[in-house]
Amino acid sequence: MKLKKRFSIGLGDLKTNQADPETPFRGAKPVAPTSEPNVASDPRVFELVRPSLGGIEVEVMSYVEGESDLRPLLILNSIEFPMPPSVSFCETMKQNGLRVVFIRRLGFGGTPGLPHVLLSRRNIDNGAACITEASIIAKTIKALDLKSVVLLGVGSANSLCYRLSCMSSEIALSIFSNPVFNQDSWVGFRPAWFRAVLRQTVMTKCAFWIGAKGLKFHLQKDPVSFFHQMLSKSLSDQQYLAENAKDFLAASKYMRRVEPETFFYDLSMSLRIDGFLKDRFFENLPAVALVGPETTAHWIKRTKSEAERLDIPIVHAPRGGMLVAYLCPDTILEIIAARSVACK
Amino acid sequence: MGDKNKFPAELSHLFGSQDSEQAFITDYLTVLIDTLTVLNSSVHNDQNQAIIQSIENAIRVLLPDEE
């Protein structure tokens with residue numbers, strides 16, 4: 001394992017980059033010390049990990065360093081919120097024997113994305129892009145020496161997590177929160193303008209960068225409003241937003257750095273048919289789907305239908321929508337306890 | 001496929017010059033070939049075959065054209 005550069009991800013980081021928020025960088029930079037008390041006390045410290053020889057670096061937050069005897073709960077982020085869960089969530093897990101390990105995915109504002117040649121429509125559809133990202137994450141799991149991992153995929157990260165759960169022998173249980181699977185997902189997105197932007201982004205190659213630019217413009221203009229509208233289906237999601245506003249401000253900064261090709265890749269994997277998900281795909285995999293109630297009835301119905309086809313059990317959380325994973329740590333703990341027999 | 005540490009050097013011979021973009025792609029190729037090696041020696045099932053196929057696709061894309 002090769003660890004280097006520690007840096008915090010808080011408002012201090014946001015302020016550091018406000019002077020030039022749109023400038024992408026190749027490799028995350030350590031953040032200058034800040035006088036912000038909340039940042040200084042934030043234990044969610046990121047490190048850059050090199051999963052192999054060479055220059056590829058992955059951003060990893062391990063809550064907290066020195067707790068290596070705890071079972072890892074590995075979280076991979078969705079495109080709309082490339083941030084770890086709240087300190088409260090991490091503390092709950094720690095008190096129950098789990099160490100939250102959050103990986104900010106490649107190209108999600110902190111590190112360079114996949115090579116552009118992989119992000120063409122053809123290489124997204126034939127699985128080359130997603131399997132490359134999965135290979136890097138699998139290598140990172142090994143580099144971090146994580147064992148008996150509980151994998152928690154959030155939203156658009158699930159296409160990656162389906163593959164990772166098959167590839168990495170260190171993953172003992174997979175929880176796919178708010179999965180899209182292969183369904184008619186457009187009607188589930190609110191508000192209407194957000195749905196239109198997403199549809200435009202993945203439908204045509206010449207239009208995807210316009211959609212990405214539109215998202216970035218909205219994020220820059222009023223990030224809180226952007227997230228408030230995006231989470232409008234769920235009062236619990238909006239409550240999480242209100243309680244963790246600094247995380248969402250930081251998320252907006254990372255999202256503005258995401259290259260259009262990476263938006264195109266991630267949304268295409270989530271919103272188009274994923275041929276990798278054959279019938280009864282999860283039959284022999286220790287995995288569950290986690291869904292919250294605060295979404296449309298249509299979405300829940302279609303998710304249930306797909307889960308039956310794929311042979312994966314659904315766990316219904318008591319609250320939440322897109323952020324169900326971060327809102328319901330107790331439900332995640334119950335899943336892990338119930339599935340402990342299946343875990344290695 | 002024995003010593004994975006040899007891959008970067010071996011692959012670097014495939015490229016004319018080692019600018020940063022080529023080195024970046026070489027790093028990815030190294031990881032993919034290493035992963036493929038492991039998967040080829042593990043249990044074969046439908047999922048594994050699909051993953052292997054995807055990795056082979058990615059390697060083909062990243063390898064430079066033969067000239």
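**Close-ups of a predicted two-chain model**

**View 1. Strands 6 and 7 of chain A, side by side.** Six bridges tie strand 6 (residues 149-154) of chain A to strand 7 of chain A, and the two strands run parallel. This is a predicted model, so take the views below in that spirit. If you want one spot to look at along this pairing, try Gly153(A), which sits opposite Phe176(A) in strand 7 of chain A.

**View 2. Strand 7 of chain A and its pairing with strand 8.** Strand 7 of chain A also pairs with strand 8 (residues 287-291) of chain A: four bridges join them, and here too the strands run parallel. Pick out Ser177(A) and you'll find its bridge partner, Leu290(A), in strand 8 of chain A. How many residues of strand 7 (residues 171-177) of chain A are buried? Seven of its seven, which leaves the strand mostly covered. While you're looking at strands, keep in mind that side chains in a regular strand alternate between the two faces of the sheet.

**View 3. The β-α-β unit around helix 6 of chain A.** Follow the chain from strand 6 of chain A through helix 6 (residues 158-167) of chain A and into strand 7 of chain A, and you've traced a right-handed β-α-β unit. Why is helix 6 of chain A described as largely enclosed by the rest of the structure? Because 10 of its 10 residues are buried. Among them are Asn158(A), Ser159(A), Arg163(A) and Ser165(A), along with Leu160(A), Tyr162(A), Leu164(A) and Met167(A). The two cysteines, Cys161(A) and Cys166(A), are on the buried list as well.

**View 4. Where chain A touches chain B.** The contact takes 23 residues from chain A and 22 residues from chain B. On the chain A side, helix 5 (128-143) and helix 6 of chain A each chip in at least two residues. Which element of chain A gives the most to this side? That's helix 5 of chain A, with seven residues. Sort the chain A residues that touch chain B by type and you get 12 nonpolar, eight polar and three charged.

**View 5. Chain B by itself.** Chain B has three helices and zero strands, so to speak an α-α-α run when read from the N terminus on. Of the 67 residues in chain B, 28% are buried. For contacts in chain B with a separation of 6 or more, 44% come from residues 24 or more positions apart.

Technical notes. Residues are numbered from 1 along each chain as its sequence is written. Chains are lettered from A and ligands numbered from 1 in the order in which they are written. This is a predicted model: local features need pLDDT of at least 70, side-chain atom pairs count only at pLDDT 80 or more; totals for chains, interfaces and linings use all residues. A residue is buried if 20 or more other C-beta atoms lie within 10 Å of its own, exposed if 12 or fewer, and partly exposed in between; C-beta atoms are placed from the backbone. Two strands pair if DSSP finds at least two bridges between them. A crossover is right-handed if, with the strands pointing away from the viewer, the path from the first strand over the helix to the second runs clockwise. Two residues are in contact if their C-beta atoms, placed from the backbone, lie within 7 Å. Ala, Val, Leu, Ile, Met, Phe, Trp, Tyr, Cys and Pro count as nonpolar, Asp, Glu, Lys and Arg as charged, and the others, Gly among them, as polar.
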